[in-house]
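Hi,

Here is the structure I promised to pass on. Have a look at it first, and my notes follow below.

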Amino acid sequence: AGDQNLFTSIYPTLSQQLPREPMEWRRSYGRAPKMIHLESNFVQFKEELLPKEGNKALLTFPFLHIYWTECCDTEVYKATVKDDLTKWQNVLKAHSSVDWLIVVVENDAKKKNKTNILPRTSIVDKIRNDFCNKQSDRCVVLNDPLKDSSRTQESWNAFLTKLRTLLLMSFTKNLGKFEDDMRTLREKRTEPGWSFCEYFMVQEELAFVFEMLQQFEDALVQYDELDALFSQYVVNFGAGERTLVTKPNERSDFGDP
């Protein structure tokens, strides 16, 4: 969200550098930490992309929302940017999306061309006061991202570390919720109308996620569990249990064993 032209100018460098350094991925349930490289797909902010209540998808909605601005004028901030940021955050709150980051790009050349002198309170401070409350780390500065200098590289490194951390936090949280919902769905398998086909699609999506992260053993576990679950259902069906049908008085999704 925010300044699309600004993001477009930065995107080539961002997409190249983001997956360069690995991150340690720690998960719950006593699982061993793993090193992964994060590759992200960036899409323009649209309200219809935000998850709706009951949405069980994991790959089709954004995890982390980023607002980009290079505003360095307090009058411009008051007139346009502040209002735009307010609308953006209100939409996120309406969809219970709490994972976001505001990036202020500082360009020394633009500052030098300004005729008015900025007050002591910078734009970054104003944004933090207006929108970040106690989450001051949710507003970061990226200094001259297109210049070739040590200062620029230091700024990039700090920004990329923050971005990787927030991406991984948000992804892990959403993954955990997805797994909890999947377990709840699996526990209902003895209830009338439960569909193995519908459940298969859910756990298959989890397998796809692990494949994207190149965690192939974890992906294989998902298919092994599906195979075992289906095999048990075939056995139960052959023994006379009719819970395979999705609705009463309809034939099984899988035909006769």
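How many helices and strands are there in the protein chain? There are seven helices and five strands. Keep in mind that this is a predicted model. Starting at the N terminus, the order of the elements is α-β-β-β-α-β-α-α-β-α-α-α. The chain has 257 residues, and 38% of them count as buried.

On to the inside. In general, nonpolar side chains in soluble globular proteins tend to be buried together. Here, the largest nonpolar core has 41 residues, and the ones that touch the most other members are Leu 14, Trp 68, Val 103, Phe 159 and Leu 163. Several elements give two or more residues to this core, among them helix H1 (4–17), strand E1 (23–25), strand E5 (139–143), helix H6 (196–212) and helix H7 (216–238). Helix H5 (150–187) is also on that list, and the largest share, 11 residues, comes from H5.

Now the aromatics, which I had fun with. The count comes to 13 aromatic pairs. One of them is Trp 88 with Trp 100, an edge-to-face pair with 6.2 Å centre to centre and 80° between the planes. This pair links distant parts of the chain: Trp 88 belongs to helix H2 (residues 74–94) and Trp 100 to strand E4 (residues 100–106), 12 residues apart. Both Trp 88 and Trp 100 are buried.

Then there is Trp 194 with Tyr 199: the ring centres are 5.5 Å apart and the planes are at 35°, so this pair counts as tilted. The cut-offs behind that are under 30 degrees for stacked and over 60 for edge-to-face, with the rest called tilted. Trp 194 and Tyr 199 are both buried as well.

Trp 100 has another partner worth a click: Arg 138 lies over the face of its ring, at 6.0 Å from the ring centre. Ring pairs also join Phe 7, Tyr 11, Phe 42, Trp 68, Trp 156 and Phe 159 into a cluster. You will recognise Trp 68 and Phe 159 from the core residues above.

Last, the outside. Leu 59, Phe 208 and Met 212 make up a nonpolar patch on the surface, with about 300 Å² of accessible area together. Leu 59 sits in the loop between strand E2 (34–36) and strand E3 (65–69). Is Leu 59 buried or partly exposed? Its relative accessible area is 39%, so Leu 59 is partly exposed; buried would need under 20% and exposed over 50%.

Cheers

Conventions
Residues numbered from 1 in each chain as written. Predicted model: local features only at pLDDT ≥ 70, side-chain atom pairs only at ≥ 80, totals over all residues. Heavy atoms only, no water. Phe/Tyr/Trp six-rings, centres within 6.5 Å; stacked < 30°, edge-to-face > 60°. Helix = DSSP H or I, 4+ residues; strand = E, 2+ residues; numbered from the N terminus. Buried < 20%, exposed > 50% of the residue type's maximum accessible area, 1.4 Å probe, protein only. Lys NZ or Arg CZ within 6 Å of the ring centre and 35° of its normal. Patch = residues over 30% accessible without salt bridge, like charges linked within 9 Å, V, L, I, M, F, W, Y side chains within 5 Å. Areas by Shrake-Rupley, 256 points an atom, 1.4 Å probe, with all protein chains shown as cover. Salt bridge = Lys/Arg side-chain N within 4 Å of Asp/Glu carboxyl O. Core = buried A, V, L, I, M, F, W, Y, C linked by side-chain atoms within 4.5 Å.
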